[in-house]
Amino acid sequence: METLRKPFLLLLVFVTGFANAQQQDTEFTKGWLLNLKLTNGAVTNFSSTAPDAYTGGLSLNPQVTVVPGLLRVGANLGAAYASKKMSGLFGPMVALKLTEFGTKNFGTLANMHLIAEANWGTNRQQMIGGGLGFEILSLAHVGITAQRDYKLNNWWLQSFIAIRLNKQKQDTDKYAR
C-alpha cells in the first residue's frame, strides 16, 4: 500500500487544481445517482492455454458528486458469475470527467469519464482497476473496464451498460408562476 501513496497524493493535487479551473456545466451535477449496471466479459491470465472464462454480473452503483462538473465517488454492490461460480462483489469507485460531447444549440449529449474502482468478492477476489465510461443524456452509461485480481492472479476484462434508476432533480425557475 505504501507504493500507492505517492500516485494517490499526486492525483488528489491534480484533481483539486483542475476542479478550480473547471466551469460549472450540466454534467456531473450536484447530487446523487443510482445506476443498475450489467457487465459482460472474460477472466484471463494471458498465459494459460485454456480458454478464457466468461464473466457477467448485475450490480447497483450509487454515486454522489463531490466536485460538480468533475468528480463523483460511489460504490459497487452486486453479483457476478465468473469461473463457473456465483459470487458477491462490493467496493468503492471514482469517476473523473474528461470531456463532454454536445452541440452549440442543444447542450451536452454525453460525457466521457475515467473510472477507477476496487472490488472484493465472496470467492476471494481482490481486484483493482479502471476503465473508460460514457454517460449518455444523463440516462445511461456504457463503457469498458479492466481489473487485476491480485489475489487469484488474473484479469477481468469487461464491458458494461447501465441505466439510471433515480429521477434527475429538475431546477425550478424562481420567476415561474
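**Exercise 1. How many Å² does the protein chain expose, and what share of it do carbon and sulfur atoms supply?**

Solution. The protein chain exposes about 11,500 Å². Carbon and sulfur atoms supply 64% of that area. Accessible areas come from the Shrake-Rupley method with a 1.4 Å probe; for residues, only the protein chains shown count as cover.

This is a predicted model: local features need pLDDT of at least 70, side-chain atom pairs count only at pLDDT 80 or more, and totals for chains, interfaces and linings use all residues. Residues are numbered from 1 along each chain as its sequence is written, and side-chain values use heavy atoms, with hydrogens and water left out.

**Exercise 2. Give the order of the elements from the N terminus on.**

Solution. Count first: the protein chain has one helix and eight strands. Helices (H or I, at least four residues) and strands (E, at least two) are DSSP runs, numbered from the N terminus. The order is α-β-β-β-β-β-β-β-β.

**Exercise 3. Place Ile128 and decide its exposure: buried, partly exposed or exposed?**

Solution. Locate Ile128 in strand 6 (residues 126-136). Apply the cut-offs: buried is under 20% relative accessible area, exposed over 50%, partly exposed in between (1.4 Å probe, protein chains only). Ile128 has a relative accessible area of 44%, so Ile128 is partly exposed. Next, list its contacts (heavy atoms within 4.5 Å). Leaving out residues up to four places away in sequence, Ile128 touches Glu117, Ala118, Gln147, Arg148 and Tyr150. Ile128 and Arg148 are 20 residues apart in sequence, yet 5.5 Å apart in space, C-alpha to C-alpha.

**Exercise 4. Classify the ring pair of Phe90 and Trp120.**

Solution. Rings of Phe, Tyr and Trp (its six-membered ring) pair if their centres lie within 6.5 Å; planes under 30 degrees apart are stacked, over 60 edge-to-face, the rest tilted. The count comes to three aromatic pairs. For Phe90 and Trp120, the centres are 6.3 Å apart and the planes at 40 degrees, so the pair is tilted. The pair links distant parts of the chain: Phe90 is in strand 4 (residues 85-103) and Trp120 in strand 5 (residues 107-121), 30 residues apart. Check exposure too. Phe90 is partly exposed at 44%. Trp120 is partly exposed at 32%.

**Exercise 5. Which ring does the charged end of Lys37 sit over?**

Solution. The rule needs NZ of Lys or CZ of Arg within 6 Å of the ring centre and within 35 degrees of the ring normal. The charged end of Lys37 sits over the ring of Phe160, 5.2 Å from its centre. Arg72 lies over the face of Phe28, at 4.1 Å from the ring centre.
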